[in-house]
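Me: Please take a close look at one strand in this structure and at what lies around it. I would like one connected account rather than a list.

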Amino acid sequence: MTEPVAFRRAESVEEACALLAEHEDALMRQGLVRPELLIGVRHIPRLREIEPDGVLRLGAGVPLRAVEHHPAIQERWPLVAETLRKVATPRIRNMATIGGGLAHADPAQDPPAMFVALDARVLVVSTSSARTIPASEFFVDYYETSLDEGELVVGVEVPALPRGSAGVFLKYTPRSVEDYATVSAAAVVRLDADGVCQAARLVLGAVGVVPVVVPVAEALVGRPVVETTARAAA
């Protein structure tokens, strides 16, 4: 007979980290492990915060649906709202959280490519430390991140795009838009007043074990972005 899994609801980030340090296997993912303790973090206030100031700060426990409908995010970080709006179904987006998807590190997800394209930073804490990990360094392999033992994702920071910038997220699915992408792409471009490219970033999802940064900048930066330039970069 299988032993039951214990459950503890953490009331703070500090308590969650302490429980995680005490019970190394307090995680469940794809049924690959059976922990002795499951830690509930949904009710920790800090993990539910949305702060759209100069930098967008999203708590790890914020549902995707809350982000896609947030007026300030739609206005100032439209690529974030656009990407999350394309994740699965509204029912799933009401349950799925920012931190859950990041820590899960499935390369077929939609948000990772977007976060890498926007130079986002993942906020991580443990009982003894706190650190910030660039999204481009957070994903290291299939279902693997750069989290150390005992660390907990508490949020993500997304810098505001400079003036003249715009982005887009596209995904190709063979059946329904609610499926995982066969390939996805997050692109961010910044132009000056004359239409000359000052910066460009393209990140592909679902094509490797981590989001793939495509070196398009050398073909675009310093050139007017017109159809011929874009086709050459492609």
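Reply: In this predicted model, strand β5 is joined to strand β6 (residues 130-134) by 5 bridges, and these two strands run antiparallel. β5 and β6 make up a hairpin, with 4 residues between them. One pair of partners in this hairpin is Arg 121 and Pro 134, the latter being in β6.

β5 also pairs with strand β9 (residues 152-159), again in the antiparallel sense and over 5 bridges. Here Val 125 is found opposite Leu 152 of β9.

As for exposure, β5 covers residues 121-125, and 4 of these 5 residues are buried, so the strand is largely enclosed by the rest of the structure. Buried is used here for a relative accessible area under 20%.

The two pairings of β5 belong to a wider arrangement. An open sheet is formed by 5 strands in the order β3-β4-β9-β5-β6, with antiparallel pairing. Its edge strands are β3 (50-52) and β6, each of which pairs on one side only. From one strand to the next, the twist averages 20°. Towards the β3 edge, β3 pairs with strand β4 (residues 55-59) over 3 bridges in the antiparallel sense. In that pairing, Ile 50 stands opposite Leu 58 of β4.

Helix α1 packs on this sheet and touches both β5 and β9; the direction of α1 makes about 130° with that of β9. The helix spans residues 13-22, and its buried residues are Val 13, Ala 16, Cys 17, Leu 19 and Leu 20. Viewed down the axis of α1, these buried residues fall within an arc of 165°, so they line one face of the helix. Glu 14 and Glu 22 lie on the other side of α1 and are exposed.

The cover over the buried residues of α1 includes β5 and β9, along with β1 (6-9) and β2 (37-40).

To put the strand back in its setting: β5 pairs with β6 and with β9, is touched by α1, and is among the elements that cover the buried residues of that helix.

Definitions and conventions
Residues are numbered from 1 along each chain as its sequence is written. This is a predicted model: local features need pLDDT of at least 70, side-chain atom pairs count only at pLDDT 80 or more; totals for chains, interfaces and linings use all residues. Side-chain values use heavy atoms; hydrogens and water are left out. Buried means under 20% relative accessible area, exposed over 50%, partly exposed in between (1.4 Å probe, protein chains only). Two strands pair if DSSP finds at least two bridges between them. The arc is that of the directions from the helix axis to the C-beta atoms. Contact means heavy atoms within 4.5 Å. Axes are lines fitted to C-alpha atoms, for helices over the stretch in contact, and angles run from 0 to 180 degrees between N-to-C directions.
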